[in-house]
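This guided tour is intended for a reader with the structure open in a viewer. Please keep the selection tool at hand and follow the stops in order.

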Amino acid sequence: QPFTLLGAPWVNAAALNAALPEPAGGAPRRWRAAYFIPTWWKFNGSACAGVQYARPDAARLFVDGVALIAALRALWPAQLAFDGAWFGQPGPQLFDRYAGTPRLRAMVEANASAADIVAAFRGEAETFANSTRLPDLLY
């Protein structure tokens, strides 16, 4: 389940699932509570709880990802550490590199709402969608 299953031993799956926003218009939930034992990575062999991204929607990936990070931070602020030490890069630089900016981490650490974070990046996302990536589309 690469990129669709997320959790940790300290996550309460029901609480996390409840904290994630419901889709508008009665659409089916995109997330569902999940329980698993990873066979690799940081929690290898540990019972983990979390969520599965059951209805991935490429158009909503950033919005849903921000909602997930904000919910994790709100529910478990002490456990959600932006530390790449497990991958040999201590500190927040690895997260910042994956995010493309330290602004996302800074807003999450400041407890900004998911809606505020998404709004802060809306202009950049529109610029990317309408000009930067346009020449690379095949069809």
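The model is predicted. Begin by selecting Asp96. Leaving aside its neighbours within four places in sequence, Asp96 is in contact with Thr101, Pro102 and Arg105. Asp96 itself is placed in helix 3, which covers residues 93-99. Is Asp96 buried or exposed? Its relative accessibility is 11%, and therefore Asp96 counts as buried.

**The start of the chain**

Move next to Thr4, in the segment that precedes strand 1 (5-8). Thr4 has a relative accessibility of 19%, so this residue counts as buried; the cut-off for that term is under 20%. If neighbours within four places in sequence are left aside, the contacts of Thr4 are Val51, Gln52, Tyr53 and Pro56.

**The nonpolar core**

Now display the largest nonpolar core, a set of 24 residues. Which of its members touch the most other members? They are Leu16, Leu20, Leu68, Leu72 and Ile117. At least two residues of this core are supplied by each of strand 2 (31-36), strand 3 (48-53), helix 2, helix 4 and helix 5. Helix 2 gives the largest share, with 5 residues.

Centre the view on Leu68. Residues up to four places away in sequence not being counted, Leu68 touches Leu6, Leu16, Leu20, Trp31 and Val51.

Then select Ile69, which is also in helix 2. Under that same exclusion of residues up to four places away, the residues touched by Ile69 are Leu80, Phe82, Phe95 and Val108. Add Ala114 to the selection: Ile69 and Ala114 are 45 residues apart in sequence, while their C-alpha atoms are 8.3 Å apart in space.

**The loop before helix 5**

Proceed to the loop between helix 4 and helix 5, and select Asn111 there. Is Asn111 buried or exposed? Asn111 counts as exposed because its relative accessibility is 56%. The backbone also deserves attention at this stop. Most residues other than glycine have a negative phi. Asn111 is not a glycine, yet it has a positive phi of about 65°.

**Helix 5 and its cover**

Select helix 5, residues 114-132. Where is the kink in this helix centred? The kink is centred on Arg122 and amounts to about 45°. Among the residues of helix 5, Ile117, Val118 and Phe121 are buried. The cover over the buried residues of helix 5 includes helix 2 (61-75) and helix 4 (103-109). The spacing of residues along a helix may be kept in mind here: an α-helix has 3.6 residues a turn, so residues three or four places apart point the same way.

Focus on Val118, a residue of helix 5. Its relative accessibility is 12%, and Val118 therefore counts as buried. Apart from residues up to four places away in sequence, Val118 touches Phe62, Val63 and Val66. Between Val118 and Phe62 there is a separation of 56 residues in sequence, and of 7.9 Å in space from C-alpha to C-alpha.

**The pairing of helix 2 and helix 5**

For the final stop, show helix 2 and helix 5 together. Two packed helices are described by the angle between their axes and the distance between the axes. Helix 2 and helix 5 pack at an angle of about 140°, and their axes are 9 Å apart. The two helices are therefore oblique to each other. The crossing of helix 2 past helix 5 is right-handed.

Which residues meet where these helices pack? To view them, select the following:

- from helix 2: Phe62, Val63, Val66, Ala67 and Ala70;
- from helix 5: Ala114, Ile117, Val118 and Phe121.

Ile117 links this stop with an earlier one, being among the core residues that touch the most other members.

Note on methods
Residues are numbered from 1 along each chain as its sequence is written. This is a predicted model: local features need pLDDT of at least 70, side-chain atom pairs count only at pLDDT 80 or more; totals for chains, interfaces and linings use all residues. Side-chain values use heavy atoms; hydrogens and water are left out. The bend at a residue is the angle between axes fitted to the seven residues ending there and the seven starting there. Helices (H or I, at least four residues) and strands (E, at least two) are DSSP runs, numbered from the N terminus. Buried means under 20% relative accessible area, exposed over 50%, partly exposed in between (1.4 Å probe, protein chains only). Contact means heavy atoms within 4.5 Å. A nonpolar core is a set of buried Ala, Val, Leu, Ile, Met, Phe, Trp, Tyr and Cys residues joined through side-chain atoms within 4.5 Å. Axes are lines fitted to C-alpha atoms, for helices over the stretch in contact, and angles run from 0 to 180 degrees between N-to-C directions. Angles under 35 degrees count as roughly parallel, over 145 as roughly antiparallel, 65 to 115 as roughly perpendicular and the rest as oblique. A crossing is left-handed if the near helix is turned anticlockwise from the far one by less than a right angle, and right-handed if clockwise.
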